[in-house]
Amino acid sequence: MADNRAAFIEKRDNSIRQRLAAAKAGKGEPVLLGHDLAGMERFLPETRHMVTVDILNSDSPVGFPGERYRFFLSDEGYKNARASEKRGEIRIRNHAAVMAGKLYPDKKPPAQER
């Protein structure tokens with residue numbers, strides 16, 4: 001009976017969330033910090049941009065080197081993020097336009113034909 005109980009507890013504790021977190025950790029990608037996709041920041045009327053950024057050095061206004069953040073920003077905030085990128089503090093990995101809470105990712109340029 002003790003063996004069954006131990007097996008049940010082990011199986012219960014190995015939930016899908018834990019397995020996904022372990023897979024992500026094993027993949028080597030940093031955990032995404034900052035605003036949540038379902039957060040209220042996304043639905044504010046002044047929100048126009050969603051960016052995912054990597055922190056490159058300790059001069060960055062947020063975070064520490066090696067961390068990755070998602071932010072929902074106004075036009076002014078996006079302008080500040082672009083300025084931080086030019087100074088080498090962060091690297092913008094992804095950008096999407098936000099309108100009424102809906103995300104519109106930037107289109108990638110078509111691949112060159114050979």
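What follows is a short chat about a predicted model of one protein.

Colleague: How many helices and strands does the protein have?
Modeller: There are three helices and five strands. Keep in mind that the model is predicted.

Colleague: And what pattern do they follow along the sequence?
Modeller: Reading along the sequence gives α-α-β-β-β-α-β-β.

Colleague: In what order do the strands sit in the sheet?
Modeller: The order is β1-β3-β2-β4-β5, in an open sheet with mixed pairing. β1 (32–34) and β5 (102–105) are at the edges with a single partner strand each, so one side of each has no neighbour in the sheet. On average, neighbouring strands are turned by 35 degrees against each other, ignoring direction.

Colleague: How many bridges join β2 to β3?
Modeller: Six, and the two strands run antiparallel. β2 covers residues 49–55 and β3 covers residues 68–73. In that pair, His49 is opposite Leu73.

Colleague: Staying with Leu73, what is it in contact with?
Modeller: Setting aside neighbours within four places in sequence, Leu73 has contacts with Glu46, Thr47, Arg48, His49, Val51, Tyr78 and Ala81. Leu73 also belongs to the largest nonpolar core, as do Val51, Tyr78 and Ala81.

Colleague: Which other residues are in that core?
Modeller: The core has 10 residues, and the others are Val53, Ile55, Tyr69, Phe71, Ile90 and Ile92. β2, β3, α3 and β4 each provide at least two residues of the core. In soluble globular proteins, nonpolar side chains tend to be buried together.

Colleague: Where does α3 lie?
Modeller: Helix α3 (residues 75–86) lies across β2, β3 and β4 (90–99). Its direction is at about 160 degrees to β4.

Colleague: Now the other end of the sheet. In which sense do β4 and β5 pair, parallel or antiparallel?
Modeller: Antiparallel, over four bridges. Val98 stands opposite Leu103 in β5.

Colleague: What about the hairpin of β4 and β5: how many residues are between the strands?
Modeller: Two, and in this hairpin Ala100 has a positive phi near 55 degrees.

Colleague: Different topic. What share of the protein is buried?
Modeller: Of its 114 residues, 25% are buried. The exposed area is about 9000 Å², with 55% of it supplied by carbon and sulfur atoms.

Colleague: And what share of the contacts is between residues 24 or more positions apart?
Modeller: Such pairs make up 62% of the contacts with a separation of 6 or more.

Methods
Residues are numbered from 1 along each chain as its sequence is written. This is a predicted model: local features need pLDDT of at least 70, side-chain atom pairs count only at pLDDT 80 or more; totals for chains, interfaces and linings use all residues. Side-chain values use heavy atoms; hydrogens and water are left out. Two strands pair if DSSP finds at least two bridges between them. Axes are lines fitted to C-alpha atoms, for helices over the stretch in contact, and angles run from 0 to 180 degrees between N-to-C directions. Contact means heavy atoms within 4.5 Å. A nonpolar core is a set of buried Ala, Val, Leu, Ile, Met, Phe, Trp, Tyr and Cys residues joined through side-chain atoms within 4.5 Å. Buried means under 20% relative accessible area, exposed over 50%, partly exposed in between (1.4 Å probe, protein chains only). Accessible areas come from the Shrake-Rupley method with a 1.4 Å probe; for residues, only the protein chains shown count as cover.
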